[in-house]
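Thanks for coming. I'd like to walk you through one model today, from the whole chain down to a few residues. Please have the viewer open.

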Amino acid sequence: MQYLIQVGADSLENEIRDLISVLDKRYMRFTSEYMLLESCMNTPVPAEGIPVGTIAFVKELLLKQGYENVLRPIEVPYFLQCYDFLKRNYRIVEYKDLPKTGRYFVKDVSHLKASNASCVSMNNFGSWFEEYTSLEPNIGIRVEETKFSVSDSLAIQSEYRVLVCDDNVQGVQYYNGDCLVFPDAFLIRELIREIEIQRALGHLLPKSYTLDIGVCDKGTFLIEMHNFVSCGTYGF
């Protein structure tokens, strides 16, 4: 297995150092190797190399390798959009169907990692959209061609990232709120089981992914599901 590791990304200095220290161990040299790349702009890209780096670096490399599909967000698949899993009203709509008033958590779900979910007053939606698209000028995001998730706001007590590989939980990493408010293991297992069932039925779903899980006064709930592309691992 070959890793294509970006160098010179200051924001990932610790993660890159940790990964290289693992790959340099004697037992890893039999199964893995790595290349260090400052950029992939003018560099031939191995077809099977696994990119590790900033979002921009990973996106560019995966596109060169032909993996455009994994650059589409998953968010909350339709089969998980039930109240038992979400503890809130949630829908994915086109721009023309966005609510005109009220305050909701809104996120661009057409472009991978283009925006974080934000609590947006719909009266100020235009300003919010303009602000985050100005940070991604090369994507050419057009509001009328973009879908958004819209969900009720919750009083979130804690948030965790669940790392899943081959339908098995590898880690549950705290990242926000009260670290002593723990998520319900049963609901996490139910989510993973449902994803496994839907994949067996033919739905195109990854075998490695992350689940962002929150806890509120209504219980444990799914925030969203991600392709394992440029995912923070929060100390895993």
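What share of the 236 residues in the protein is buried? The figure is 42%. Keep in mind that this is a predicted model.

Let me start with the overall build. There are five helices and eleven strands in the protein. The radius of gyration is 19 Å, and the globule rule gives 18 Å for 236 residues, so the protein is as compact as a globular protein of that length. Along the principal axes, the C-alpha atoms fill a box of roughly 55 × 40 × 35 Å. The accessible surface comes to about 13500 Å². Carbon and sulfur atoms hold 51% of that surface.

Now the contacts. Take those with a sequence separation of 6 or more. Of these, 59% are between residues 24 or more positions apart.

Next, a sheet. It is open, it has four strands, and the order is β4-β7-β5-β6. The pairing is antiparallel. Which strands stand at the edges? They are β4, residues 90–94, and β6, residues 118–121. Each has a single partner strand, so one side of each is left without a neighbour in the sheet. From one strand to the next, the twist averages 40 degrees. As a reminder, strands of a sheet pair through backbone hydrogen bonds, either parallel or antiparallel.

Let's zoom in on β5. How many bridges join β5 to β7? Four, and the two strands run antiparallel. Strand β7 covers residues 147–151. One pair to click on is Asp108, whose bridge partner in β7 is Phe148. There is a helix here too. Helix α4, residues 125–133, lies across β5, β6 and β7. Its angle to β5 is about 30 degrees.

Stay on this strand and pick Lys107. Lys107 sits in β5, which spans residues 103–108. Is Lys107 buried or exposed? Lys107 has a relative accessible area of 8%; the cut-off for buried is under 20%, so this lysine counts as buried. What is in contact with Lys107, leaving aside neighbours within four places in sequence? The list includes Glu75, Glu224, Trp128 and Phe148. Lys147 and Ser149 are on that list too. So are Ser115, Asn116 and Ala117. For a distance check, go to Val120. Lys107 and Val120 are 13 residues apart in sequence, and their C-alpha atoms are 9.4 Å apart in space.

Now move to β8. Strand β8 is mostly covered, with seven of its ten residues buried. Two partners matter for this talk. Strand β10, residues 208–216, is joined to β8 by nine bridges, and the two run antiparallel. Within that pairing, Tyr160 has Ile213 as its bridge partner in β10. Strand β9 pairs with β8 over eight bridges, again in the antiparallel sense. There, Cys165 has Asn168 as its bridge partner in β9.

That brings us to the turn. The hairpin of β8 and β9 has two residues between the strands. Asp166 lies in the loop between β8, residues 156–165, and β9, residues 168–177. Asp167 lies in the loop between β8 and β9 as well. What is the sign of phi at Asp166? Positive, at about 55 degrees, although Asp166 is not a glycine. Asp167 also has a positive phi, near 65 degrees, and is likewise a residue other than glycine. Their exposure is worth reading off. Asp166, at 45% relative accessibility, counts as partly exposed. Asp167, at 15%, counts as buried.

Last topic: aromatics. How many aromatic pairs does a search of the whole structure find? Nine. One of them is Tyr175 with Tyr234, a stacked pair. The centres are 4.8 Å apart, with 15 degrees between the planes. Tyr175 lies in β9, while Tyr234 lies in the segment after β11, so the pair ties together parts that are 59 residues apart in sequence. Tyr234 has 40% relative accessibility and counts as partly exposed.

There is also a ring cluster. Ring pairs link Tyr95, Phe125, Trp128, Phe129 and Phe148. You have met two of these names already: Trp128 and Phe148 are both in contact with Lys107.

That's my tour. Questions, please.

How values were computed:
Residues are numbered from 1 along each chain as its sequence is written. This is a predicted model: local features need pLDDT of at least 70, side-chain atom pairs count only at pLDDT 80 or more; totals for chains, interfaces and linings use all residues. Side-chain values use heavy atoms; hydrogens and water are left out. Buried means under 20% relative accessible area, exposed over 50%, partly exposed in between (1.4 Å probe, protein chains only). Contact means heavy atoms within 4.5 Å. Two strands pair if DSSP finds at least two bridges between them. Axes are lines fitted to C-alpha atoms, for helices over the stretch in contact, and angles run from 0 to 180 degrees between N-to-C directions. The radius of gyration is taken over C-alpha atoms; the globule rule is 2.2 Å times the number of residues to the power 0.38. Accessible areas come from the Shrake-Rupley method with a 1.4 Å probe; for residues, only the protein chains shown count as cover. Rings of Phe, Tyr and Trp (its six-membered ring) pair if their centres lie within 6.5 Å; planes under 30 degrees apart count as stacked, over 60 as edge-to-face and the rest as tilted.
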